[in-house]
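Student: I'm new to this one. Could you walk me through why things in it get the labels they do?

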Amino acid sequence: MPETENKLLVVDDQPDLCEFISEAARAMGFDTFAVSDPQAFRHAVEEFQPTVVVLDLQMPGVDGIELLRYLGERGSKAHVLVASGMDQRVLATAQQLGRSQGLNMLGALQKPILLEDLESTLRRCLRGESPLTLETLRAALERHEIEVYYQPKATRVAPGRWVIEGVEALARWHHPALGPISPVRFVSLAEKHGLIRSLTEQVIEVALRQCCAWEADGLQLSVAINLSPQLLNDLSFPDQVARMAAQIGADARRIVFEVTESAAMFDPGTTMDVLTRMRVKNFGLSIDDFGTGYSSLKQLYLMPFSELKIDTSFVRDIFAHDDARTMVETMVLLAHKLGLTACAEGVETQEILDFLDSVGCDRAQGYFIGRPMPGDRLGEEVRRWNAQHADASRSSQTSDSSHGS
Ligand code: C2E
Ligand code: MG
Ligand code: MG
């Protein structure tokens with residue numbers, strides 16, 4: 001099969017959904033084929049040779065997990081997307097299972113599937129015209145085309161009162177021909193090809209300068225920056241970051257580095273050395289996406305973290321599942337018992353924020369508080385939010401701040 005072919009196989013017992021997915025895929029240039037039973041599925045895998053498989057996890061008489069196993073046994077190289085109306089954890093587990101069988105898991109689609117989500121996911125596995133190559137990324141780094149957006153992080157300063165005191169820096173790349181490219185995608189490409197240090201240095205430099213610019217404008221915000229596991233294996237990294245901060249004039253106490261739980265496992269000895277020296281230099285350390293990685297709780301108490309970030313997948317489900325609520329509450333307690341602050345990610349509604357407030361979560365981040373945005377737009381958003389929350393008892397009043405929007 002030539003590399004440039006795009007063939008999508010949909011496996012679902014709902015004909016309308018098969019048609020919806022097929023139509024969207026055809027509009028993007030895929031050949032499509034839809035099946036709804038295991039025999040037809042096996043036949044299609046052999047004959048049609050899909051490059052992408054969209055797999056429903058629940059079908060009468062067969063479950064998607066069995067079909068995943070079949071693909072794994074066949075050594076399939078196709079991108080696999082799982083779809084289901086079940087909760088995020090089932091989808092996450094199915095993906096882990098697929099990965100453990102050597103499959104190229106592309107992600108999960110929660111039913112009802114939104115066209116926008118489907119298209120952006122499928123775009124990532126289109127072969128042919130304009131693939132994201134190492135050279136494209138290298139050129140973007142040389143031309144400093146990677147931008148940094150900032151998402152507000154609110155701090156609970158009193159019961160019911162959340163004030164924005166910090167942000168998370170998130171890398172953004174809008175390629176002229178390929179459109180917006182997810183950081184998950186280009187960060188992993190950079191990691192694979194030795195470009196992650198240069199990418200991270202660019203993000204750190206831009207974020208530190210922005211932090212100083214806000215300060216000059218009267219806004220004191222802490223800035224969290226994501227670190228790839230690979231950088232934690234480099235003993236020179238803490239000194240380099242401290243040097244950059246000193247040159248730019250940024251206070252290390254305002255800077256937090258977010259590390260994923262699984263990253264902390266990479267080489268525990270070196271990682272611990274690097275992280276401890278970062279803490280000694282007054283940088284904050286946050287354990288990102290907590291609860292989703294592979295590392296044991298042991299990593300958490302061994303490494304010198306100052307904040308625990310509760311992953312979106314738990315936060316999003318708190319009203320759908322009692323056990324998600326229990327997990328969030330317990331993670332807040334765990335953080336506090338270990339002397340860390342707890343930050344919930346993926347806060348999309350006031351109700352979720354109220355729940356977090358009731359369990360004493362210290363920080364919250366998510367679309368309800370603010371989406372990632374360019375640095376020059378952030379000041380206005382922060383001032384607006386903080387003015388509205390200046391006093392919980394008069395939360396609907398507007399601000400008297402001279403900087404107000
Ligand atoms: P992360 O560090 O866990 O960042 C949070 C992600 O959740 C961001 O996705 C953010 O846009 C998204 N998000 C925030 N609030 C909500 C919400 O309420 N609902 C939902 N559905 N999503 C929300 P983004 O920007 O696509 O970044 C994805 C991941 O890419 C990040 O996850 C981080 O691991 C990585 N990343 C981003 N920038 C960098 C970087 O400069 N360096 C490294 N090493 N990794 C980065
Ligand atoms: Mg993060
Ligand atoms: Mg996270």
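**Labels and the values behind them**

Tutor: Sure, and let's begin with Asp288. Asp288 has a relative accessible area of 6%, and buried means under 20%, so Asp288 is called buried. Keep in mind that this is a predicted model.

Student: What makes Asp289 partly exposed?

Tutor: Its relative accessibility is 24%. Partly exposed runs between the 20% and 50% cut-offs, so Asp289 belongs there.

Student: How do you know which residues are donors of the magnesium ion (ligand 3)?

Tutor: By distance. A donor N, O or S atom has to be within 2.8 Å of the metal. The protein donors of ligand 3 come from Asp288, Asp289 and Glu345, with Glu345 listed twice, and they lie 2.0 to 2.4 Å from the ion, so they count as donors. Along the chain, their spacing reads D-D-x55-E.

Student: Which residue coordinates both magnesium ions, ligand 3 and ligand 2?

Tutor: Asp288 does, and the two ions are 4.0 Å apart.

Student: Why is the contact between Asp322 and Arg325 called a salt bridge?

Tutor: Their side chains meet at 2.4 Å, N to O. The cut-off is 4 Å between a Lys or Arg nitrogen and an Asp or Glu carboxyl oxygen, so the pair qualifies. Asp322 and Arg325 sit 3 residues apart in helix H13, about one helical turn. Asp322 is exposed because its 55% is over 50%, while Arg325 is partly exposed at 23%.

Student: What about Arg209 and Glu205, how far apart are they in helix H8?

Tutor: They are 4 residues apart, again about one helical turn. Their salt bridge spans 3.0 Å, N to O, and that is within 4 Å. Arg209, at 47%, and Glu205, at 33%, are both partly exposed.

Student: What makes Asp217 and Arg383 a link between distant parts of the chain?

Tutor: First, the bridge itself: their side chains meet at 3.5 Å, N to O, which is within the 4 Å limit. The two residues are 166 residues apart, with Asp217 in the loop between H8 and strand E11 and Arg383 in helix H15. Arg383 is buried because its 14% is under 20%, whereas Asp217, at 39%, is partly exposed.

Student: How many salt bridges does the structure hold?

Tutor: It holds 25. In general, side chains of opposite charge can pair when their charged atoms come close.

Notes: Residues are numbered from 1 along each chain as its sequence is written. Chains are lettered from A and ligands numbered from 1 in the order in which they are written. This is a predicted model: local features need pLDDT of at least 70, side-chain atom pairs count only at pLDDT 80 or more; totals for chains, interfaces and linings use all residues. Side-chain values use heavy atoms; hydrogens and water are left out. Donors are N, O and S atoms within 2.8 Å of the metal (3.2 Å for Na, K and Ca); water is not among the atoms, so sites may look incomplete. Buried means under 20% relative accessible area, exposed over 50%, partly exposed in between (1.4 Å probe, protein chains only).
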